[in-house]
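Biologist: I'd like to go through this fold with you, one question at a time. Could you show me the chain before we start?

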Amino acid sequence: MTSPPKIVAHFDLDAFFAAVEELEHPELRDKPLVVGGDPRGRGVVATANYAARKYGIHSAMSCAEALRRCPHAVFLPPSRSLYSQYSRAVWAVVREVVPTVERTGIDEGYLDLGEVAETFHAVRSLAEAVQTAVKGATSLSCSLGVGTCKVVAKVASDRRKPGGITIVRPGREAAFLAPFAVRLLPGVGPRAEERLRRAGRVYNDPHVSHLRRSRETPSYSRIPRGRVVPCRADVGRRAVQGADRGDDAGQGR
Ligand SMILES: [Mg+2]
């Protein structure tokens with residue numbers, strides 16, 4: 001007898017730092033807004049709101065470049081204690097809907113939907129309940145990806161931002177991941193990509209579908225747990241490196 005598939009959601013607040021600043025400064029809503037370092041110094045973009053992203057501004061870009069792309073953008077330094085307050089409020093209400101969560105960052109984490117949803121049929125209404133609870137408590141928007149494992153859930157949560165829900169049903173995992181660049185998989189950075197390239201497993205434009213054709217590819221669920229989501233306990237460092245990088249992961253690839 002096989003056990004029923006796990007049901008895991010990846011939860012991700014949309015443009016979190018910028019969204020909080022918009023709530024605190026309603027006059028900034030609809031204006032291109034960049035939270036990060038000094039655009040006249042060497043700072044980088046932690047989070048850009050969606051109005052700024054229309055100018056090609058994204059997390060981890062230098063603020064000087066962001067200023068070049070959008071000279072009328074508003075630049076704000078991160079207000080970390082404020083974001084922490086919002087984050088605590090968010091996770092408190094998320095836990096009321098889904099008790100078992102694994103926070104992996106100030107604005108993202110995994111939810112054990114299987115604990116409250118018996119099958120995938122109940123998943124959409126549960127994900128919507130999470131969104132409604134978060135919106136009701138904080139006015140913030142979030143996106144969720146749901147799948148049978150963390151890797152799939154994480155990639156899925158980025159598909160329909162902002163405010164999206166993407167559900168990958170059991171058996172659809174490989175087909176869902178196939179079109180994406182291997183670098184989009186959580187835990188696969190430049191070094192892992194290079195190792196795959198050296199091993200002849202991926203080519204100049206490495207996509208997951210190439211991995212599927214390889215005999216040595218581990219199944220997605222066997223990617224070592226610790227590498228699936230790099231630990232990001234250090235929020236400050238994370239912010240400098242681009243706090244909302246996940247939001248941008250699908251862009252330009
Ligand atoms: Mg986010």
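Biologist: What covers the buried residues of H1?

Modeller: This is a predicted model, so take what follows in that spirit. Seven of the nine residues of H1 are buried, so the helix is largely enclosed by the rest of the structure. Those residues are Phe 16, Phe 17, Ala 18, Ala 19, Val 20, Glu 21 and Glu 22. The cover includes S1, S2 (33-36), S3 (45-48), S4 (74-76) and H4.

Biologist: H4 is in that cover, so how do H1 and H4 pack, and which residues make the contact?

Modeller: H1 (residues 16-24) and H4 (residues 80-97) have axes 10 Å apart and meet at an angle of about 95 degrees. That makes H1 roughly perpendicular to H4. On the H4 side, the contact uses Leu 82, Tyr 83 and Tyr 86, and on the H1 side Phe 16, Phe 17, Val 20 and Glu 24.

Biologist: How many residues of that contact are nonpolar, polar and charged?

Modeller: Glu 24 of H1 takes part in the contact, and Glu counts as charged. Sorting the residues of the contact of H1 with H4 gives one charged, no polar and six nonpolar.

Biologist: Now the strands in the cover: in what order do S2, S3 and S4 sit in their sheet, and which stand at the edges?

Modeller: They form an open sheet with mixed pairing, in the order S3-S2-S4. Each edge strand has a single partner, so one side of it is left without a neighbour in the sheet. The twist averages 25 degrees from one strand to the next. The edge strands are S3 and S4.

Biologist: What is the bridge partner of Val 35 in S3, and at what angle does H1 run to S2?

Modeller: S2 and S3 run antiparallel and are joined by three bridges. In S3, Val 35 has Thr 47 as its bridge partner. H1 lies across S2, S3 and S4, and its angle to S2 is about 115 degrees.

Biologist: Which strands stand at the edges of the five-strand sheet?

Modeller: That open sheet has mixed pairing and the order S5-S6-S1-S7-S8. Each edge strand has a single partner, so one side of it has no neighbour in the sheet. Neighbouring strands here are turned by 15 degrees against each other on average, direction ignored. The edges are S5 (101-105) and S8 (165-167).

Biologist: Which helices lie across strands of that sheet?

Modeller: One lies across S1, S5 and S6 (108-112), at about 155 degrees to S5, and that is H4. Another lies across S1, S6, S7 and S8, at about 145 degrees to S7, and that is H6 (residues 150-157).

Biologist: Which residue in S7 is the bridge partner of Ala 9?

Modeller: S1 (residues 8-13) and S7 (residues 142-147) pair in the antiparallel sense, over six bridges. Within that pairing, the partner of Ala 9 is Val 146.

Biologist: Which residues have the most contacts inside the largest nonpolar core?

Modeller: The core has 55 residues. Leu 113 gives a feel for it: leaving aside neighbours within four places in sequence, Leu 113 is in contact with Ile 7, Val 8, Ala 9, Val 98, Val 123, Leu 126 and Val 146. The residues with the most contacts inside the core are Ala 9, Val 34, Leu 113 and Val 146.

Biologist: And for the whole chain, what percentage of residues is buried?

Modeller: The chain has 12 helices and eight strands. Of its 253 residues, the buried share is 39%.

Technical notes: Residues numbered from 1 in each chain as written. Predicted model: local features only at pLDDT ≥ 70, side-chain atom pairs only at ≥ 80, totals over all residues. Axes fitted to C-alpha atoms, helices over the stretch in contact; angles between N-to-C directions. Helix = DSSP H or I, 4+ residues; strand = E, 2+ residues; numbered from the N terminus. Parallel < 35°, antiparallel > 145°, perpendicular 65-115°, else oblique. Contact = placed C-beta atoms within 7 Å. Pairing = 2+ DSSP bridges. Core = buried A, V, L, I, M, F, W, Y, C linked by C-beta atoms within 7 Å. Buried ≥ 20, exposed ≤ 12 C-beta atoms within 10 Å, placed from the backbone.
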